[in-house]
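Dear colleague,

I am handing over the structure we spoke about, and below it you will find some notes on the ligand and its surroundings. Please read them with the model open beside you.

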Amino acid sequence: MTTTPMTTTPMTTTPGITTPMITTPPTASGASGVRIDPFDYEARPVRVVFGPGRITEVGAEVDRLGLRRVMLIADPRAPGGEVLAAAVASRLALHWDEVAQHVPIALAERAHAAAVAAGVDGLVSLGGGAATGLAKAIALDTGLPILAVPTTYAGSELTPVYGMTGGRRKRTGSDERVRPAVVVYDPELTLGLPPEVTGPSAFNAMAHCFAALWAPHRDPLTSALAVDALRTAAASLPALVDDPADVQARSGLQYAAFLAGTALGRAGTGLQHRICHELGGRLNLPHADTHAVVLPHVVALNGPAGPDWTARVAPFLGPDPAVGLWELARRSGVPTDLARLGADDRVVRDVAGSVAHTPNPVPVDAVVLATLLERALKGDVPA
Ligand code: NAD
C-alpha cells in the first residue's frame with residue numbers, strides 16, 4: 001500500500017485559536033491499515049443524566065442550575081408531565097403545553113412573550129424534537145438555560161441547531177445559546193411511543209449519524225460516536241418490533257440518540273438534513289418519517305465516497321449500508337416512500353432545485369437530486 005505524505009504550512013493563528021493549514025490531505029493509510037486524518041477537537045459542556053426512572057432527579061438538576069422560576073414546556077402526549085411539574089413545583093413559574101413540529105414562528109413568538117411576561121429564568125422541556133425545539137426558539141433570543149427531557153429519539157437535545165417555520169419555509173441555524181445545559185434521559189418515558197413514531201425516530205437518529213460521518217467538521221470522536229450509535233440503533237429497533245416494552249432496547253435507542261445528537265452537534269449537517277428541512281418546510285411532512293425515507297438514498301449516493309465508513313458499518317448494516325437501511329425500514333414498518341407522506345413530483349423537483357450544489361462528498365446538481373428524490377418518492381430500492 002502506498003502512502004501520500006501530508007505537507008503543512010506554518011500554523012495560522014486567530015485570537016485564541018491555532019490551526020495548522022493542511023495543504024495536501026493524506027489519501028491512503030500506512031502499512032498499519034490505520035488512517036487518521038488531521039482534525040480539530042473542541043468539547044462543549046453539557047451534563048447528561050441517563051437511566052430508567054431518572055426523571056425523578058430533574059428537581060435536583062434544576063437546583064444544580066440555580067433556577068428559581070422555571071417554564072415547563074411539556075408535550076401533553078408525552079408521559080411524565082405531572083411528575084415533572086411536581087418535581088419543580090416550588091420553582092414552577094409557567095406551565096406551557098402547546099408544541100408543534102417544525103416550530104411555527106407564531107407559536108414561538110407566543111411562547112417567548114409568555115416566558116418574558118412570567119419572568120422565567122430557565123426552561124425545562126419534556127417531549128420530542130417539537131418540545132425541545134420550542135425551548136430552543138425561546139432560548140435563541142433570551143439566552144435562558146434549557147434542561148431537556150427527551151421522549152423520542154430525535155437527538156435535538158444535544159445540538160446547537162434550531163429551526164422555525166414560517167409560510168412554507170423552514171429557517172434553521174446554529175447558535176450555542178440553544179444547546180441545552182442539561183439533558184435527562186429516562187428511557188421509560190419512551191415505553192409508550194407508538195410504533196409509527198418509534199421506527200422513524202430511530203431513523204432520525206441514524207440520519208444524524210451518517211451526516212456526522214461525512215460532515216466536513218467531523219473528527220475521530222464524532223465518527224466513533226456515530227458508528228456506535230448506528231450499531232446500537234440497528235440492534236435495538238428490531239427488538240422493539242417484537243416487544244415495544246423492552247426497556248433495554250428503549251435504552252439502546254435513547255443511547256443511540258444521545259451519541260447521534262452529540263456527533264451531529266459537533267460535526268454539523270449537510271445534504272440529508274437540507275433535503276428534509278426543505279421537504280418539511282414546504283409540506284409540513286413528519287420530520288422523522290422524512291429522514292427515514294430519504295436516508296437510504298443519500299447513503300447510496302455517498303457510499304462510493306466513503307469506503308472507510310462503509311466498512312465500519314458493514315458488520316451490522318451489511319456490505320451495502322443503503323440497502324441495509326432500506327431493508328431495516330421495511331422490516332420495522334418504517335415508511336420507504338415520500339408519496340405516502342404527501343409529497344409529489346412537483347415538490348421533489350422544486351426541492352431538488354433548491355438544495356442543488358449543497359456541499360456533499362459526492363457533488364450534486366439538480367438532475368442528480370431529482371433522480372434521487374424520484375426514487376425516494378416511489379419507494380424504490382436505493383441505488
Ligand atoms: P415530535 O416531538 O413531534 O414527536 C412525535 C410525536 O410523538 C408527536 O405526536 C408527539 O406528541 C409524540 N410523542 C412524543 N413523545 C412521546 C411519548 N413518549 N409517548 C407517546 N407519544 C409521544 O417529533 P420528533 O420526531 O421527536 O421531533 C421532530 C422535530 O424536532 C422537528 O421539528 C425537527 O425539525 C426537530 N429536530 C431538531 C433537531 C435539531 O438538532 N435541531 C434534531 C432532530 C429533530
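A polar contact is taken here as a pair of N or O atoms within 3.5 Å. The model is a predicted one, and in it a polar side-chain atom of Arg-77 lies 2.6 Å from an oxygen atom of the ligand. Gln-101 likewise places a polar side-chain atom 3.1 Å from an oxygen atom of the ligand, whereas Val-161 takes part through its backbone, with an N or O atom 2.8 Å from a nitrogen atom of the ligand. On its own the ligand exposes 860 Å², and the protein buries 88% of that area.

As for the wider surroundings, the space that the ligand takes is the second largest pocket, and the elements that give two or more residues to the shell around the ligand are helix 4 (129-142), helix 5 (195-214) and helix 9 (287-302). In total 23 residues surround the ligand, the closest being Asp-75, Arg-77, Thr-152, Thr-159 and Lys-170. By character, the residues of this shell divide into 8 nonpolar, 11 polar and 4 charged.

Finally, you may wonder where the ligand lies with respect to domain 1 and domain 2. Because domain 1 (47-190) and domain 2 (195-378) both give residues to the shell around the ligand, the ligand lies between them.

With best wishes

Notes:
Residues are numbered from 1 along each chain as its sequence is written. This is a predicted model: local features need pLDDT of at least 70, side-chain atom pairs count only at pLDDT 80 or more; totals for chains, interfaces and linings use all residues. Side-chain values use heavy atoms; hydrogens and water are left out. A residue is near a molecule or strand if one of its heavy atoms lies within 4 Å of it. A polar contact is a pair of N or O atoms within 3.5 Å; within protein, one must be able to donate a hydrogen and the other to accept it, and residues adjacent in sequence count only if both atoms are side-chain atoms. Accessible areas come from the Shrake-Rupley method with a 1.4 Å probe; for residues, only the protein chains shown count as cover. On a 1 Å grid over the protein atoms alone, a cavity is a set of points where a 1.4 Å probe fits but cannot get out, and a pocket is an open set with protein on both sides within 12 Å along at least five of seven lines; lining residues have an atom within 4 Å of a point. A molecule sits in a cavity or pocket if more than half of its atoms lie within 2 Å of its grid points. Helices (H or I, at least four residues) and strands (E, at least two) are DSSP runs, numbered from the N terminus. Ala, Val, Leu, Ile, Met, Phe, Trp, Tyr, Cys and Pro count as nonpolar, Asp, Glu, Lys and Arg as charged, and the others, Gly among them, as polar. Domain bounds come from an automatic or database domain assignment.
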